[in-house]
Amino acid sequence: MNTAEEIKSNLDSVEKRIASACERAGRNREDISLIAVSKTNPVEAVVTALGFGQKAFGENRVQELCEKDDYIKQNGITVPEWHLIGHLQTNKVKNVIGRVDMIHSVDSLKLAGIIDKESKNKGLITKILLEVNIASEESKFGVLPQDAVDLAMSIAELKNVKLCGLMTVAPITENPESNRPYFRKMRELSVDIASKNKDNISMNVLSMGMTGDFEVAIEEGATHVRVGTGIFGKRDYTNKEGLI
Ligand SMILES: *Cc1c(COP(=O)(O)O)cnc(C)c1O
């Protein structure tokens, strides 16, 4: 894990890179949200980044998110805006409803339906994104691009979820430029879905871009970038237990 000084200087440098990407693309900095991906890092890392003014955090495992959220609440620390960005198993849905600001990883009508039902039980409307496997990679979660419009239209019928946009995890690459066509395709897909003018769907959110490629993603229209190693340093997966 990075020290507080490293986290601070990384946050500053990511901030500068976001600002220059916005400038190149003629976009406003306020239109981009930085989600600090804290997965595998201890809750202390979240608390440190919160102290430097970082507000939104992303986790990809429900249990880890809940443990960190509990710790923060028990210690009277200002609760961050949590984003669930990893694959969500249907039996874990009830644990996150009401806790997370947005679920980025919805890729089936079944999952959306369960989120809808649990949200209804709690009298809430949960914001979700449709995860798209934009490069049609075999190993990846997400709806295939050709199926995304239909799935969005079906999800729109659910009353206790609000479909706010699309999310993708682009291919791992050394060269961020190679993901530019995929980011562009995501944006086109979101325009397609928006053009259906369906009630209960807005396509205001495009969650794409990670440490290696967030600048290109911003140039292609990302509204939410998810940066982990670029803030907290290299992840250590050897000690997954006892994350707090
Ligand atoms: C881990 C993760 C990230 C952050 O990845 P970095 O390359 O460390 O920035 C972003 N999105 C998702 C879905 C992730 O699981």
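A residue counts as near a molecule if one of its heavy atoms lies within 4 Å of it. Keep that cut-off handy, and remember that this is a predicted model.

**Exercise 1.** Work out which residues surround the ligand, and how the shell splits by class.

*Solution.* Start by listing the neighbours: Val37, Lys39, Ile85, Met167, Val169, Met210, Thr211, Arg226, Val227, Gly228, Thr229 and Arg235 surround the ligand. Next, sort them: the shell comes out as 6 nonpolar, 3 polar and 3 charged residues. If your polar tally is off, check where you put glycine, which counts as polar here.

**Exercise 2.** Find the polar partners of the ligand's oxygen atoms among Thr211, Gly228 and Thr229, and say whether side chain or backbone is involved.

*Solution.* Take threonine 211 to begin with: an N or O atom of its side chain is 2.4 Å from a ligand oxygen. Now move to glycine 228, where a backbone N or O atom sits 2.8 Å from an oxygen of the ligand. Threonine 229 also uses a backbone N or O atom, and the distance to a ligand oxygen is 2.8 Å. Then look at the cover: on its own the ligand has 390 Å² of accessible area, and the protein covers 89% of that. As for the site, the ligand sits in the largest pocket.

**Exercise 3.** Is lysine 68 buried or exposed, and what does its side chain contact?

*Solution.* Locate the residue: lysine 68 belongs to helix α3, residues 62-74. Buried means under 20% relative accessible area. Lysine 68 has 1% relative accessibility, so it counts as buried. Finally, follow the side chain: lysine 68 makes a polar contact of 2.9 Å with the side chain of glutamate 64.

Terms used
Residues are numbered from 1 along each chain as its sequence is written. This is a predicted model: local features need pLDDT of at least 70, side-chain atom pairs count only at pLDDT 80 or more; totals for chains, interfaces and linings use all residues. Side-chain values use heavy atoms; hydrogens and water are left out. A polar contact is a pair of N or O atoms within 3.5 Å; within protein, one must be able to donate a hydrogen and the other to accept it, and residues adjacent in sequence count only if both atoms are side-chain atoms. Accessible areas come from the Shrake-Rupley method with a 1.4 Å probe; for residues, only the protein chains shown count as cover. On a 1 Å grid over the protein atoms alone, a cavity is a set of points where a 1.4 Å probe fits but cannot get out, and a pocket is an open set with protein on both sides within 12 Å along at least five of seven lines; lining residues have an atom within 4 Å of a point. A molecule sits in a cavity or pocket if more than half of its atoms lie within 2 Å of its grid points. Helices (H or I, at least four residues) and strands (E, at least two) are DSSP runs, numbered from the N terminus. Buried means under 20% relative accessible area, exposed over 50%, partly exposed in between (1.4 Å probe, protein chains only).
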